[in-house]
Amino acid sequence: GALSLSPFSQLELREVKITPKGAEPLAQIDLVRLRYSLWSLLRGNIQAYEITVEKPVITLLEQVDGSRNLPKLPPSGPKSTAPLILDLHQIQLRNGSLHYTIRGPKGPVSTITIGNLNVALDQVVTAQPGKLTVQGEAGMEQLPADKIAGKLGGEFTLTLGRDALPTLIKGSLGVDLGPGAGAFRDASGLRVALESDVLPTEVRDLRLAFRRAGQELARLRLSGPYDAAKPEARLDFELSGVDRQVLVLIGGATGFDLGETSVAAKGKLNLLKNGEMAASNGELTVHKMSLGTAAGRTPVTEFTTQYKVEANLKDNAALLEEFKISAADGKGEWLSGSLDRPMNLAWGSAPPGFRESRFTLKLARFQLAEWQALLGSNAPAGMLRADLMVSSERDGRLLKYDLKAMASQLSAAV
């Protein structure tokens, strides 16, 4: 690429290419232009008259083994407590594109694309409202013949605090889907939108909504008291109306026909002690869950789970106070699981003193022939029963697994 620098006022980079070590190319950018005030920067204020990025092309690749062409980020340094003063007049991204491809053993199997992307952010000034606008096109393709595309657009009013975190966000960003093909045909005409009405002291309404012809079909909604300065929050969440009309997006991406499956959830999400503690409790219900493939359809199942968890984000530890799971079909309950006492989990140097606890999962019956839709038409027939016990030991840093399984009446076609 080429570099042009006027030390006191402007920096330009042309034909920028980014390729992580040992991976495939990640990004190519035609132009990056920064017009700034050096004297303001030296005084600790971030002032820029223009930040422009033209024709960026981002290509994310996920390989069969789960690896991606992303660079390894260095560890973050200590967090500054000094207030951050922003004065950014104009930030623009022009004619950008993003391609996310998942590869299988024989090549690409699915792709998500955002093209003709234009983003403008005007007047990003600390404690003053600014405006964000987004326009573009979005599409999803699942080989060999499942695809859908639509128009992307939205606008937000936002205000940033002295820590550069938003204190006010009002607006929406949505995708209006056009005609779909293959497994996505039933998603034609859907609008998927993120809608926000967040104030410095309250999340009035933050939702992911699914609509068709102006009528709301499903939503995931957060609301409740919020303190942007700390940050702390006591939020209620609700997931409702998620049925075939919405799940077709997931089914099309995974290759399953979800039939009459519907999903609902509700609970609470709290952020406490200046953001160092998080706590949540709630329940999830999957009604008439059934997966269909070319090999058949799984039994219709009622699935429920309840949980209560508290996490110490500072100490990298969590307490799973309650977790119950149950699955039942027309013949009765065939899967159940629960904790005998609260379970401690740790992913760092958690304080000692945690009690041991156990999670027990019981598979009462699993008729292999009834699940050929997932196991394949050549899978053996028979009955499978199992008991799994997961124990938390050593202050939550060690998980032990004990599995007992029994199969009977096995038979297979040859």
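Visitor: What makes the link between the side chains of R207 and D205 a polar contact?

Guide: Distance, to begin with. The two side chains are joined at 2.8 Å. A polar contact needs N or O atoms within 3.5 Å, one able to donate a hydrogen and the other to accept it, so this pair qualifies. Bear in mind that this is a predicted model.

Visitor: Which other side chain makes a polar contact with the side chain of R207?

Guide: That of E216, at 2.9 Å. E216 is also among the residues in contact with R207 beyond its neighbours within four places in sequence. The others are A193, L194, E195, R219, L220 and R221.

Visitor: Why is R207 called buried?

Guide: R207 sits in strand 11, residues 202-212. Its relative accessible area is 11%. Buried means under 20%, so R207 counts as buried.

Visitor: How much of the protein chain is buried?

Guide: Buried residues make up 33% of the 414 residues. The chain holds three helices and 24 strands. Its C-alpha trace spans about 80 × 55 × 50 Å along the principal axes. Take the contacts with a separation of 6 or more: 50% of them join residues 24 or more positions apart.

Visitor: Why is K55 called partly exposed?

Guide: K55 has 45% relative accessibility. Buried is under 20% and exposed is over 50%, so K55 falls in between. Its place is in strand 4, residues 45-62.

Visitor: What is the phi of K55?

Guide: It is positive, about 50°, although K55 is not a glycine. Most residues other than glycine have a negative phi.

Visitor: Where does N316 lie, and why is it called partly exposed?

Guide: N316 lies in the loop between strand 18 (301-312) and strand 19 (317-329). Its relative accessibility is 28%. That is neither under 20% nor over 50%, so N316 counts as partly exposed. N316 also has a positive phi, about 55°, and is not a glycine.

Visitor: Which residues touch the most other members of the largest nonpolar core?

Guide: L249 and W334, in a core of 47 residues. Strand 8 (residues 146-160) gives the largest share of this core, five residues. Beyond its neighbours within four places in sequence, L249 is in contact with L177, F184, A187, L190, V192 and F210. In soluble globular proteins, nonpolar side chains tend to be buried together.

Visitor: Which residues lie nearest the centre of the second largest pocket?

Guide: A138, M140, V175, L177 and V192, out of 15 lining residues. The volume of this pocket is about 320 Å³. Strand 9 supplies the largest share of the lining, four residues. By class, the lining has 12 nonpolar, three polar and no charged residues.

Visitor: What makes the largest cavity a cavity rather than a pocket?

Guide: A 1.4 Å probe fits in a cavity but cannot get out, whereas a pocket is open. About 70 Å³ of space lies in the largest cavity. The whole structure has one cavity of 30 Å³ or more.

Visitor: Which residues line the largest cavity?

Guide: P299, T301, D329, W334, R365, F366, Q367, E370 and W371. Strand 22 (residues 357-367) brings the largest share, three residues. The lining divides into four nonpolar, two polar and three charged residues. Asp, Glu and Arg count as charged, so D329, R365 and E370 make up that last group.

Terms used:
Residues numbered from 1 in each chain as written. Heavy atoms only, no water. Core = buried A, V, L, I, M, F, W, Y, C linked by side-chain atoms within 4.5 Å. Buried < 20%, exposed > 50% of the residue type's maximum accessible area, 1.4 Å probe, protein only. Helix = DSSP H or I, 4+ residues; strand = E, 2+ residues; numbered from the N terminus. Contact = heavy atoms within 4.5 Å. 1 Å grid on protein atoms, 1.4 Å probe; cavity = no way out; pocket = protein on both sides within 12 Å on 5 of 7 lines; lining within 4 Å. Points joined across faces, edges and corners; volume = space filled by probe spheres on them.
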